[in-house]
Number of protein chains: 2
Amino acid sequence: MEYNGNVMKNSANQSEQPSLERFFNTVNAYQQTAVIKGAIELDLFTAIAEGNTTVEALAAKCNASERGMRIICDYLTVWGFLIKTNETYGLTQDSALFLSRLSPAYAGSTIEFLLSPMIMDSFKDIAASVRTGGTVVSQEGTVSHENPVWSRFARAMLPIQIMPAQMIANLVQVEPDRPIKLLDLAAGHGIFGISFAQRYPNLEVVASDWAPVLDVARENAQKFGVSDRYKTLPGSAFEIDFGKGYDIILLTNFLHHFDQETIIKLLVKIHGALQTNGRAITLDFIPDEDRISPPTAAAFSMMMLASTPGGDAYTFTEYEQMFRQAGFSRSELHSLTPSPQRMIISYG
Amino acid sequence: MEYNGNVMKNSANQSEQPSLERFFNTVNAYQQTAVIKGAIELDLFTAIAEGNTTVEALAAKCNASERGMRIICDYLTVWGFLIKTNETYGLTQDSALFLSRLSPAYAGSTIEFLLSPMIMDSFKDIAASVRTGGTVVSQEGTVSHENPVWSRFARAMLPIQIMPAQMIANLVQVEPDRPIKLLDLAAGHGIFGISFAQRYPNLEVVASDWAPVLDVARENAQKFGVSDRYKTLPGSAFEIDFGKGYDIILLTNFLHHFDQETIIKLLVKIHGALQTNGRAITLDFIPDEDRISPPTAAAFSMMMLASTPGGDAYTFTEYEQMFRQAGFSRSELHSLTPSPQRMIISYG
């Protein structure tokens, strides 16, 4: 057993005495999911932010039992979401910023997508996915035609993608003195294209996704004040006609859903839709060549095994080769720290 | 983002830059449960222990796809269960000891209980449990009459309780020169009483539990060579007649299921069944008075909230008071490091 403050610690140090702790923490990890979900449903973090810091006050505010409230607050303290001082509970810096609805960076809504039945069901039989090499939920998993999970995605995931979207719009400079055409493929909530339109007044966005998802993107374009330079193109990226002459084509959290052959076919189509000197911008979970680091990017391949027929967390070398095979001249890898995702700029 | 070797680290340090990592790791924690379950079902750790260390060899041995095998091995490396060197995978010290069937300390079978539907279903709606202050699965949860989950428990949990059982039998010394009578309440697999019988040839065990569970305990008494000094007493500890004159009564992983009033009533009955100078031995998850440390013991209260009407992870002060109210003269707390559980000896 090894304790770091009051937080269970996964240590990679193998020279310690034998311990079942990592195994039991991992077997019981589903309980952490259940408890953080429960805490967000109870709006517990907001209640603390509003000044309810005792079990009694929190139970009253959240319409809960004192016994249940005491147990969940202690559990959340053990796992590093709260701080307990004598008999009162306070928010950590991260909980105050991301889990209280009083904060503009509130990210609690992301559980609507991350813990949607479609996604969670993908993990019901991992042994079967390892045996077959892909999702066992259905033939196509989350990438089936007009899968409604993507409307959930668009509504739930917006808050946490505003920051990376602004980082990308700043990093990918465009000429200020001529009209710029940007195609946002699998646009989802639309924030990536929208951030470019906000940053560059001479830029026009064409957003593509399933029709019900584009409703969300259009709402957001309105909300962020760029709807006059925002067009939509509904349908499958593999089937629709993109048009021609784009300066930028955005591929955010999209390519990882597919096998390499499918990706190359799509990249050929994308290359054809770019104007000379056009750029494709890929945002994705891109692990190092060892495929075990950084951890969040590396572990993402399991999500693709569980939920798609052939998707993966591809390395930069793999992406670079796919883009080259599709006709792109070169690709550059960019860090987006503190985001666990990385960006590739590929030149047409 | 903070990386410690190749393991995601839960840091309690709140002075770092804001990060969503802890939140997302916790929301997605159910995936860790699913993957370790899948790895045990595939018997992946045994396959590596047998010398299959490449994706190709492991896929062949486990009858799986190479793509699936590569992804699960990388994921298990990220989470500290495997070591990856170039393109080969090796076991960590703990994985070799506890997760390979070649090891006598194999603990993979514990998922049959820990991930049984009865236990996992308890965590389906934690917000509701916090609201009502107890399990919402059924009126009595896991403590209902002859709940079959306890036969699963008895079969699955034996391997990991042999070591603490031997520690307790060594710590609780008995006189060597007269017959000793031990009552093992909620005996389960029976290993606690059995370890006393193995250690002290003058000791006789009466094991009590639901009748189907006692079948498992009797099998184990046979296997460990003490069946000639092993009797069984089927039924509810709250209803059956224990008999009289016990030197030792074992309460292992039992009291935590109940509310304090129920426990005190039971302890009165136990006190009456002990001879003068008899001892009650409690093994349980007993957190410090702050209820947030040590983490495993503190977090256990959530398991009781989710799966029982009134159970808890009680502190030593609470146990000491309950035993005193039931007529015991004094109680002593003992550590069982490296086990996360602790032992209380209460004198009649």
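Visitor: How far does helix H11 (residues 158-171) of chain B reach from its first C-alpha to its last?

Guide: This is a predicted model: local features need pLDDT of at least 70, side-chain atom pairs count only at pLDDT 80 or more, and totals for chains, interfaces and linings use all residues. Residues are numbered from 1 along each chain as its sequence is written, while chains are lettered from A and ligands numbered from 1 in the order in which they are written. Helices (H or I, at least four residues) and strands (E, at least two) are DSSP runs numbered from the N terminus. H11(B) has 14 residues, for which 20 Å is expected at 1.5 Å a residue (1.5 Å times one less than the number of residues), and its reach is close to that, at 20 Å.

Visitor: Is B:Gly188 buried or exposed?

Guide: B:Gly188 lies in the loop between strand S5 (180-185) and helix H12 (191-199) of chain B. A residue is buried with 20 or more other C-beta atoms, placed from the backbone, within 10 Å of its own, exposed with 12 or fewer, and partly exposed in between. Because B:Gly188 has 27 C-beta neighbours inside 10 Å, it counts as buried.

Visitor: Which helix gives the largest share of the side of chain B that touches chain A?

Guide: Contact here is C-beta atoms, placed from the backbone, within 7 Å. In those terms, 81 residues of chain B are in contact with 81 residues of chain A. The largest share of the chain B side, twelve residues, comes from helix H2 (residues 29-42).

Notes
Two residues are in contact if their C-beta atoms, placed from the backbone, lie within 7 Å.
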